[in-house]
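Biologist: I'm new to this one, so could you take me through it slowly? I'd like a close look at a single part to begin with, and then whatever it leads on to.

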Amino acid sequence: VTQVVPEVEDLLHTPTERRPPTVAADEGAGTHDGATMSEAVLTGNVRRVQMDPPRSTREFGLSSVAVLIATAISSWAVVWMFFYQLTLLSGALGFIVCWYACFLVMYWVVTALTVDRNAATDRIVTTVVASCTALMMGSLLFIIGWVFVRGVGHFTVGFLWRTMSFYQPADPHLFRDVGVGHAIVGTLEQVGLAALFAVPLAFLTAIFLNEVGGWGTRSVRTIVTAMSGVPSIVAGVFIYAIFIVPHVIGYSGFAAAMALFVLMLPAVTRTTEEVLRVVPGGLREASLALGASEWRTVRQVVLPTARSGLITAVVLGIAIAAGETAPLIFTSFGNNNMNLDVFHGPQGALPLVLYENIFQAQAVVVQLAFTAAFVLLMIVLILFVLARLLGRRRTSKGKFRRFVSARMRSLRKV
Amino acid sequence: MSTDTLASATGAVPRPIIVPNDRSREDKIFRFVARAAGLTVFVILFLIGFFLFLRGLPALRAMGPHYFTTSGNGTAHKPYHFGALAQMYGTIVISIIAVIIGVPVAIGTALFISEYAPTRSRRALIAVVDLGAAVPSIIFGLWALHVLQPDITGTTSWVNRHFSFIPIFGGNSPPFNASFFIAGLVVGLMIVPIVASVTREVFSLSPPGEKEGALALGATRSQMIRTVVLPFGRGGMIGASMLGLGRALGETIAVYVILGNVFAITPHILEHGGTSVASYIAAEFGAGGRLGTANLLMLGFVLFTFTLIVNLLASLIVNRSRSGAGVEL
């Protein structure tokens, strides 16, 4: 396409109207021959430039969608033919895997033939990346939905407060008599106690990492990251080794809380540190410049600014700790009766109810496990959503924080 | 420069204003308390290692160095015959399978969120990824036991029938369930959220100038990712994979639910049977008397050491890549 470009100024100021219309608008990466353009720039002869038709930024048009759908259908047909007619294989999963592989190959070939190879590769990468996300999101939402569907049928409000004192695996009317009230109480007490110990220590550690700094920061940060990977079973076994084997304390909710504390501490520390990191440094400096002590700066400027994020960190830590099973086996041991005393005697917990019942043979017991799973998942989900909502709320402004902000604003005006 | 001219003009060197540098008593206490809190993580970590080793020592003493080359659970009477070999083997095999399956999916998810997803939906996608890390592992186990395993056995037996010439797909004991592969698949799915969230964070730090430059030079988006985002995030990806490996090594409940507890050292990953350190500890709790307990605690120590080394390496790599080192500009 040759055309006369009117003036350089025109080209700079109103380029869009002067350009030739977009052609076909469908190639991923059109062949671009920049030689003529750069030649013109080099020779200074900008009045006559041979211009390529500009590429559309929308790479994916209607015909591409058609190609996508067509290849999907044809690869499905091919795989169906081979899969069922020739190999006689059952199982949806294998079929989907084969279909996907066949689809990718076909899609690449068709796009390479109709557009070019760069575009083909680009689209394959896009497809793979998008399907990774779809796989991850899909399986997660599927698991949640599946637990919901399987569990909600036998859920009653009474299930929340009855205990398993009358638990008889052979009883066909199990759901009339049992519930998970004891386990909910146990989980709440254990997680609450763990949070009581873990949260202040985690906040202080995060403040050390982000506000105090200096000697030891790097190594503490590395250790915290490494500690957040300590397997949950190791936390349970550790409490078992340090407290229960030498009979310092017996199986109890307190022991479970200690194990959960070991798991919660690094998790809450890491989230808190990330939250503190986004507090603007100017606020801190302004507060210090006004003569406030570091402690007062942290207490009245940094923490109030980060308040919603801190709440998120705590609630998220609680949500994750509430679902831990492995550390409880060795510490709270499980109990079918209500035990309100967190310090003495084995205590039930929601994950343990699941753990003890999913392997049973009786359908009604497995159903009990599903209903308990539903309750557990709902608690975790509610906590998670709560954390998100609280995290979105605007930051609170303490009196001193407001004062500091006002001073900063007036300084900026000057 | 200005001080020089000032000095020559006035004939006197201006003294810097002395800012009092000693902190108030309040701040000294504050700094001390915060530092002490920071150092407690060292103490806790040391206590974990120390007590597990101490209480597990009888097991190591009873078996000597053979502890690491024996598999069995004969702790009841002499001659003792127990050890950590089968458990360690299973742990490593399951973790490798999990990383092979989970890490590519996680990296794909991270790329999609950081490079492809429209800005509006990005927050929601990140929230779902975070939610994945909060779903209890026993729920994954429940799902795997009731949905995944029944569905996948057909495929695994098909693979075994037609590809048994490849050693890892070999074996000939028909029920191809409760295998290393299925356990690894579930664990792989479970490590996706943590790996995805770390890699996404690293990808989102890749320099926008280079990315726009690549696009402006005519690169397609996939070429831009290959030439800018992936090289920039290489350290982060390696670190995140190791973080995922650490999680996979320690996964207990999902592995136990799928695998049960069978001693098997087999290269055939589709075959029934196997165990891992973590699931063995959970399964054998309370069995085997005093020495059995010591055995479990020693296994706990082994697992702790394993994961600590992997996680330390991972956090070193991730922290270095976050600070932007190792990036050639």
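Biologist: Which side chain meets that of Arg221(A) in a salt bridge, and what is the N to O distance?

Modeller: Happy to, but keep in mind that this is a predicted model. The partner you're after is Glu273(A): the two side chains meet at 2.8 Å, N to O. Arg221(A) sits in helix 10 of chain A (residues 217-227) and Glu273(A) in helix 12 of chain A (residues 253-277), so this pair ties together parts that are 52 residues apart in sequence. As a rule, side chains of opposite charge can pair when their charged atoms come close. Over all chains, the structure holds 6 salt bridges.

That leads on to where the two chains meet. The rule finds 2 salt bridges across the interface of chain A and chain B. One salt bridge joins the side chain of Arg388(A) to that of Asp130(B), with 2.6 Å from N to O. There are also 14 residue pairs in polar contact across this interface, with both residues at pLDDT 80 or more. Look at helix 6 of chain A (residues 117-152) while you're there: with 19 residues, this helix gives the largest share of the side of chain A that touches chain B. Sorted by class, that side of chain A has 63 nonpolar, 20 polar and 7 charged residues.

Now for the contact as a whole. Chain A brings 90 residues to it and chain B brings 86. Between them the chains bury about 8,100 Å², and 77% of that is on carbon and sulfur atoms. Three residues, Met136(A), Ile143(A) and Glu294(A), supply 7% of the area that chain A buries against chain B, which is more than any other three residues.

Met136(A) turns up again once you go looking for empty space. A search of the whole structure finds 4 cavities of 30 Å³ or more, and the largest cavity holds about 50 Å³. Its lining is made of Met136(A), Ser139(A) and Leu140(A) from one chain, and Phe140(B), Leu189(B) and Pro193(B) from the other. Helix 6 of chain A gives the largest share of that lining, 3 residues, and helix 6 of chain B also supplies at least two. By class, the lining of the largest cavity has 5 nonpolar residues, 1 polar and no charged ones.

One more stop: the second largest pocket, with about 1,500 Å³ of space. It has 44 lining residues, and the closest to its centre are Leu93(A), Val97(A), Leu135(A), Ile101(B) and Leu185(B). Helices of both chains take part, including helix 5 (92-114) and helix 6 of chain A, and helix 3 (85-116) of chain B, each with at least two lining residues. Helix 5 of chain B provides the largest share of this pocket's lining, 10 residues. The lining divides into 35 nonpolar, 8 polar and 1 charged residue.

Notes
Residues numbered from 1 in each chain as written. Chains lettered and ligands numbered in written order. Predicted model: local features only at pLDDT ≥ 70, side-chain atom pairs only at ≥ 80, totals over all residues. Heavy atoms only, no water. Contact = heavy atoms within 4.5 Å. Buried area = accessible area lost by both parts, 1.4 Å probe. Salt bridge = Lys/Arg side-chain N within 4 Å of Asp/Glu carboxyl O. Polar contact = N/O pair within 3.5 Å; in protein donor to acceptor, adjacent residues only side chain to side chain. Helix = DSSP H or I, 4+ residues; strand = E, 2+ residues; numbered from the N terminus. Nonpolar A, V, L, I, M, F, W, Y, C, P; charged D, E, K, R; others polar. 1 Å grid on protein atoms, 1.4 Å probe; cavity = no way out; pocket = protein on both sides within 12 Å on 5 of 7 lines; lining within 4 Å. Points joined across faces, edges and corners; volume = space filled by probe spheres on them.
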